[in-house]
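Colleague: I am new to this structure. Could you walk me through how its parts meet?

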Amino acid sequence: MSSPLARDDDDVFERLKSAVDPAVVSEREKAVQERVRLQYEKAQRRLAELIEENSTLPVTIADIRIHGVKNTREGFLHKVFADALKEEKQRSYTLNSALEELQKTTQKLHRFGIFHPNISMYLDQAHAAFGDRTPISAFISVQERGRLQLNTGTEVGNAEGGGYFNATIRNVFGGAETLYASASTATSTADVGHRTRSSYELTFATPINADPDTVFDIGAFRASRSNHYFASHEEAQQGVRAGLRFLTDYGSHELNYNGVWRQVSNLSPDASPSVRADAGDSVKSSITHTLTRDTRDSKLLPTTGSLLKGITELAGLGGDVSFLKTQVEAQRSLPFSHGISFSTGLRAGVLVPLPQGLGFSENATPPRPSRINDRFFLGGATDIRGFRENGLGPRDGNDAVGGDVYVAGGASLFLPLPRLGAESPFRLQAFVNGGRLVALQQSTGVKEGLLGALREMGVGYPSMAAGVGLVYAHPVARFELNFALPVVKREEERARKGLQFGVGISFL
Amino acid sequence: MSSAPAPSRTFLPIPPLLRRVFDSFPLKTYPAPSLPASSPRPSQKPTLHIFTTPSAATNGAPSFDPACLRLQTYLRLCGLEFTTAPASAHAAPAGELPYLTPAGSRAAVPARKIISWAQEQGGGVHEDLQEPQIAAFLALVEGAVRDAYLYALYLEPTNFLRLAAPLYTRISSSVGLVQIALSHELRAAAETELRKSRPGGVIVADEIYADAAAAWKALDTLLGDDEWFFGAQQPGMLDATVFAFAHLVRKWAWDETERRVQTPLETCKRLMAHEERLRKRCGW
């Protein structure tokens, strides 16, 4: 050993008396650090051995102590740990299973988003006596995140300018509740025409029963969006919403109520009669259920796994519009060798008009045809490439007026770029995508209308496009630059031959 | 004129062969998808979009809004065949009802162009609305009479709650909260409109009603014992405008304590007879 401290002991005092050589000092420090590291490693090893040796040791969690809690309620934390301290679990804990349980609980703490991610845990033997089981104490140390978070900024893009303001108050009542307020505006004058949008939102969210996966939220919002570039109008919305998110074996669920006052207004002088007919006020009062089962490795550029999603909306609990709107989405990705992967997706939806008041009220009227702001739209760089945004389906003059039934499907082959390889977020893609969007026709009844729409769907090949392009999966959004050629289209449908740029978070 | 195609503005020259390949796409084109059920089908007759209820629209009954009723009456007097349809003010060009869609057309004719549209269609009334006397009396109705009408319907509290608010907001939404919000907007708009037209922007009920009473008197004198204004053979724009206000002022079930807009008109017997005469002529 070359360390000076490892010399013979009788030399030590002599050495201390002599002048201190800086080189020796630094060497000493190094040695101390080295020793500490060795000790730590030894301790860790010893701990691992201990746990290994005692993994089946029957234990009982005597107490859990949490350090660093300032704003979080004790009652809330009690609930978080209640599961780990359940009597039947306490009776069957081994050291190993107790550790696992505690780790699961600290992960739960993470998910509330009110603590910094550096949550640490120590175990010790407790002094309390629990019969023949060894009592252990858990010390958990946390650091609460700041209560108030403000974000503000301006965004200036190519032809877009805007600003936003977000405020979040975390842990409002000490039970991981969140109060979120935001305001944003943006204006753009791209080649697609003048677009403006603004939105204001206030939401309060709280976990139910201290479970980070079961969240109730309630809020109010106000937004306006210009749809001039595809349908010659603006839509303003204001309303209230309440929702519940929870997990089951089938996937993650979202149950939402929405009460929205919509206003279709500020029509262009050359707006089509279809848009004029739907201009004005309408109130939608609806319940929406969303089920998502997502096993994809990445949402933006999946290479393996699948997504299944079902959205069902029932509108007409009061309000001016009554309908049942169902959409399903399925996506499957398969990895091949050399970083090559294949993705295929299918989306479909149907909107069924229902009797006003859903037939419950006395003065129920027959089903009214759907409105432009309830119908589906299809086409654009994020769903059917090779077509302009909302370029598929029925059009009245210059306006896309949407449809009541749609199917869209696509398949993409992703190849890693030479040199960059499969680890980089860049891919070359070759794709084929297509779909149909049709409207219910004026007819005697809804059933006949639906059958007629389905029949129309079956006429000819769906509108389709194929092409190749470059994909960049940025952590926030996916960017695509494609060269596409429409293969099959309908008259009036707006195809886009050549280069097309797309930004989005959900691609077909 | 050259027969060569215009040079494309792409920065890369595309070889003719490639261009031919490009131009062959799409390989297959099907007929256009049909429009949704709510899209209006091209109609055989022109359609006048007005404030009205769906049932009144099918009967061609008079609108409850003076600006709409005025042009509805005028088109009837022109002897033009048309249908009426209920509409939201948001649907109208420039946000002002009425508007008109000509037969078989997808375009909208805004309110201010309906008169010239009717004349192009060979409508029966021939008159020069710029003629000073007609213009002056039209301004009198659109000023003094309209102000009193606005005040009586929107600013008199009981009238507003019982008459204007239900009719104007129920056609927009069936939801009570929205109706309340819209009725506030409606009232504020009427007040702004009144402030614009009253001298100094001051709204004094007595003055407004007195001005309207004087206007009715003047119109009654102008009409005299003639059948139509200015002794014309056929009723014209002034007849339609006076009728629109006189008809609604007579028709509304004004509140007993807030009917100061109605009483002065009832003393003008010749105007009352004119209103009845024109109503019969329109078949209402």
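**Where the parts meet**

Colleague: Happy to start with the basics: across the interface of chain A and chain B, how many salt bridges does the rule find?

Modeller: Before counting, note that this is a predicted model, where local features need pLDDT of at least 70, side-chain atom pairs count only at pLDDT 80 or more, and totals for chains, interfaces and linings use all residues. Residues are numbered from 1 along each chain as its sequence is written, chains are lettered from A and ligands numbered from 1 in the order in which they are written, and side-chain values use heavy atoms, with hydrogens and water left out. A salt bridge needs a side-chain nitrogen of Lys or Arg within 4 Å of a carboxyl oxygen of Asp or Glu. Across the interface of chain A and chain B, the rule finds one.

Colleague: Which side chains meet in that salt bridge?

Modeller: Its N to O distance is 2.7 Å. The two side chains belong to Asp396(A) and Arg106(B).

Colleague: What area is buried between chain A and chain B?

Modeller: Contact (heavy atoms within 4.5 Å) takes in 45 residues from chain A and 35 residues from chain B. Buried area is the accessible area (1.4 Å probe) that two parts lose on being put together, summed over both. Carbon and sulfur atoms give 60% of the area here, and the total is about 3300 Å².

Colleague: With which strand of chain B does S20(A) pair?

Modeller: Strands are DSSP runs of E, at least two residues, and helices are runs of H or I, at least four, both numbered from the N terminus. Two strands pair if DSSP finds at least two bridges between them. Here there are three bridges in the parallel sense, and Lys489(A) stands opposite Thr29(B). The partner of S20(A) is strand S1 (residues 28–30) of chain B.

Colleague: Now to chain B itself: how far apart are the C-alpha centres of domain 1 and domain 2 of chain B?

Modeller: The bounds, from an automatic or database domain assignment, are 14–120 for domain 1 and 132–281 for domain 2 of chain B. Between them these domains bury about 1500 Å², 78% of it on carbon and sulfur atoms. Their C-alpha centres lie apart by 28 Å.

Colleague: With which residue does Glu142(B) form a salt bridge?

Modeller: The rule finds one salt bridge across the interface of domain 1 and domain 2 of chain B. Its closest N and O atoms are 3.4 Å apart, and the partner of Glu142(B) is Arg70(B).
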